There are 2 protein chains.
Amino acid sequence: MSLESLLNDSRQKFEDELAEFLRIPSVSARSEHKEDMARCADWVRDKLREQGMEAEVIPTRGHPIVYGELSEAGPDAPTVLVYGHYDVQPVEPLDEWETPPFEPSVRDGRMYARGTADDKGQVHVHMKAVEAYREAKGALPVNVKFLFEGEEEVGSVNLEAFIKSNVARLACDAAVISDTPMLSPEHPSICVGLRGMVYMEVRLKGPSQDLHSGQYGGGVVNPANALAKVISRLKDDNGRITIPGFYADVKALSEIERKSLAEVPLTEEEFRQEAGVSALGGGEAGVHFIERIWRRPTLDVNGLLSGYTGEGAKTIIPAKALAKISMRLVPDQDPKAIRAAFESYVRSLKPEGVEMEVMMHSDGLPWAADPEGPLFRAAATAINAAFGSDPLFISEGGSIPIVPMIEQILDTPVLLLGFALPGCNLHSPNEWLSLDLYHKGIETMTRLYDEIAREFAG
Amino acid sequence: MSLESLLNDSRQKFEDELAEFLRIPSVSARSEHKEDMARCADWVRDKLREQGMEAEVIPTRGHPIVYGELSEAGPDAPTVLVYGHYDVQPVEPLDEWETPPFEPSVRDGRMYARGTADDKGQVHVHMKAVEAYREAKGALPVNVKFLFEGEEEVGSVNLEAFIKSNVARLACDAAVISDTPMLSPEHPSICVGLRGMVYMEVRLKGPSQDLHSGQYGGGVVNPANALAKVISRLKDDNGRITIPGFYADVKALSEIERKSLAEVPLTEEEFRQEAGVSALGGGEAGVHFIERIWRRPTLDVNGLLSGYTGEGAKTIIPAKALAKISMRLVPDQDPKAIRAAFESYVRSLKPEGVEMEVMMHSDGLPWAADPEGPLFRAAATAINAAFGSDPLFISEGGSIPIVPMIEQILDTPVLLLGFALPGCNLHSPNEWLSLDLYHKGIETMTRLYDEIAREFAG
């Protein structure tokens, strides 16, 4: 049977198996799912073995890594490392899901479940591509290494150590990661830029306990008012971040880059609808919205808490107030320098009469690909064959710290080629994946093996 | 037995009965305490009857009112109306109480329990003064009416209607309320000023659900950042409230009033320690702290909530953000005008891309007494007899909407004479009342009957 016919005949079987994968509630952040995480890792390992790969579950201090290998192409063939993650985000708020998060449901050509897009559906694309290729053609023209972690949604805390102590085992000529979206169903996309991040928390402490706002109002500094003022001073009226030195290392876009961003086939109106807002905003005035979300740094409050927040009213001056504040960074901003600049500036805004605590939750480097060389040529050819159109080079406003990590530690080019779509409710209720793109993804990967074999042999 | 000896001999008995009163968890805000509220009202009624008063429990749409009367002084004697409340604030956070809130505990001459100071302990002062006076002297020289409500801590929602439809029944020559503090144990105090209030809530709604801060950051307005900015614009860097027209009706202090405020025997350092803060602040720069907490209007955030506020980090742009914001008002500010000015100013600060909802939780008039006439002369004499010193005229930063209400509807002077102390943890964990002042309060009231009889007869 031709690979094409086989892929066509296997659609239902693949989707059923994907649903089985999605039914395992592999929420890495919740300790009550620890056993589900182990069960999910075992499930992946077993499937890899069933399709002829060597595979094992490798324990870490947290959730295990699943590692699989197929070396039948031999030592002279190129080796492709595929990274993905089998853990998913928490599912709350549960009542906003139209169908339960761990009962996959197909509606209008989309499969709905937690993890469809991020990232179990895309991990499954790689698994089934290897299976289909081998079934149709006997053996892969490249060697394949699968590295699937279970802690991506909790900061990949054990992955760097694992990669560093397994450099020889993970050695490869190219790395492929499918954890990014396409711009639209008509625009297969290669992501060539990622923003980095610094995620901070600021806590203000005023009186030793909540005070009566009548008896003390006007006499003591209110930590909630003070926090609001601190936050308001982090950006000016034009949306520009006011932390001294914040923009110092931001690499200016070339004219060509700016022009190509402006030509991205996504309109402000499409993006506005997808975001579900009445008007766009939130970034630097006068900067094109695509540049703002892909190539400019940001500062967003992720959470605020102080005082009485229940129904009705309580007349208190809160004892304390907290804000979670994260900044997205772009090349060549350095997370460590930005963290220091943030902390020192925020401390300078603290009024007398309150104490301030500033802590960091996480950070990650920004990244930009160099889209030249055999890996990107191979990808362009494979994509064109599967989709009938050239790939679009896009950037991603989010952060995937694993990308610069793999690139640097394993000294390999990284290809970010994903098949989710914008608006697929990543990290939100009703996450979905287009089944058409899921299957196109599998086809793209089978073609990519051939193209990488050709390009790296040349 | 002389009244003096009787009061002395009754100390333990009174304290035991007060403890019994405090053991009933009469939390008006919590529906699970509805039966406790009814039980507490019955308890008060029964005690009033036991001490020879006519008394009844009068149902309202919410918690009942307890009404008691004693008319043995006859139609020519003056009538004193005593207002108080038997409901208490919620007790959370429970783990900060050194002893449980409804298990009264005496330590260092203080009784600790929810309601000791606000207001059950002070209601009990009035109950026991009547009992002791009659036991020692046979009959009171004034007629007495007790009006104790069960909804003071939830806005006295049914009281105004009750007073309005019972004007004849409640008719009196003087009203006495013990729900305010003394300045210090050495300074018996009459409160001659109260701040009014407008309590608002502002809600901002951005995207239809929380969004990924990487994918959308820089593209959409963040409701939490926007709310912080709105709040920060409500005061300038000198602590002056920037709502247009906010200070228009604030009555300037006379030179005499300002001088008397500066002579209040409370130092900044004492107030700072009592508030438990590292430095004072929070009001208008350059204004004396006593004036700031008693006679200047304020604006305080009472609560803030947006996005993710749990442990760790979640990279979202929150869908919404809310702030509870209350303003304390001084004569002659009008709560309705201030509410309108607040709402219109806050709406003018709303950026495009978020929707704003502004609502009011409650409001109340500011109040100033005219400390002349027979009631205040009687009080001064009674206080001097019980405490050995003249009363201090103080103001109160808090709001007691019932005071202007009683004054206006019943056309009577109101005397605010309380026996709690600053730092007694009103509305907070570990609320307490000095037992010495509790007993001095009872004595003061017994003397006040004689003095009112004398002054109003004259």
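## Burial and overall build

A residue counts as buried here if 20 or more other C-beta atoms lie within 10 Å of its own. By that yardstick, 55% of the 458 residues in chain A of this predicted model are buried.

How does the radius of gyration of chain A sit against that of a compact globule? For 458 residues, the globule rule puts the value near 23 Å, and chain A comes in at 24 Å, so the two agree. Laid along the principal axes, the C-alpha atoms take up a box of roughly 85 × 50 × 45 Å. Chain A is built from 14 helices and 18 strands. Sequence-distant contacts are plentiful too: take the contacts in chain A between residues at least 6 apart in sequence, and 79% of them join residues at least 24 apart.

## Two domains

The domain assignment splits chain A into domain 1 (3-194 + 367-457) and domain 2 (196-250 + 297-364). The C-alpha centres of these two domains of chain A are 37 Å apart. Their contact draws on five residues from domain 1 of chain A and six residues from domain 2 of chain A. On the domain 1 side of that contact in chain A, there are two nonpolar residues, three polar ones and no charged ones.

## Strand 2 and its partners

Strand 2 (residues 65-70) of chain A is mostly covered, with five of its six residues buried. Which strands does it pair with? One of them is strand 1 (residues 54-58) of chain A, which runs antiparallel to strand 2 and is joined to it by five bridges. A:Ile58 and A:Ile65 are bridge partners across this pair. The two strands of chain A make a hairpin, with six residues between them.

Strand 6 (residues 143-149) of chain A is another partner of strand 2, again antiparallel and with five bridges. Here A:Val66 is bridged to A:Phe148.

## A loop residue

A:Ala252 sits in the loop between helix 7 (223-232) and helix 8 (255-262) of chain A. Is A:Ala252 buried or exposed? It has 8 C-beta neighbours inside 10 Å, so A:Ala252 counts as exposed. The cut-off for exposed is 12 or fewer. As for what lies across from it, the C-alpha atom of A:Asp332 is 9.7 Å from that of A:Ala252, although the two residues are 80 apart along the chain.

## How the two chains meet

Two copies of a chain are related by a rotation about an axis and a shift along it. In this model, a turn of 180° and a shift of 0.1 Å along the axis lay chain A on chain B with an RMSD of 0.1 Å. That is the relation of a two-fold axis. Both copies use the same surface, with 99% of the contact residues of chain A recurring in chain B.

The interface brings 74 residues of chain A into contact with 74 residues of chain B. Which element gives the largest share of the chain A side? Strand 11 (residues 298-307) of chain A does, with nine residues. By class, the side of chain A that touches chain B holds 27 nonpolar, 35 polar and 12 charged residues.

Strand 11 of chain A also pairs directly with strand 11 (residues 298-307) of chain B, in the antiparallel sense and over five bridges. To find a spot to look at, start from A:Ser306, whose bridge partner in strand 11 of chain B is B:Leu304.

Note on methods: Residues numbered from 1 in each chain as written. Chains lettered and ligands numbered in written order. Predicted model: local features only at pLDDT ≥ 70, side-chain atom pairs only at ≥ 80, totals over all residues. Least-squares fit on C-alpha atoms with pLDDT ≥ 70 in both. Contact = placed C-beta atoms within 7 Å. Domains from an automatic or database assignment. Nonpolar A, V, L, I, M, F, W, Y, C, P; charged D, E, K, R; others polar. Helix = DSSP H or I, 4+ residues; strand = E, 2+ residues; numbered from the N terminus. Pairing = 2+ DSSP bridges. Rg over C-alpha atoms; globule rule 2.2 N^0.38 Å.
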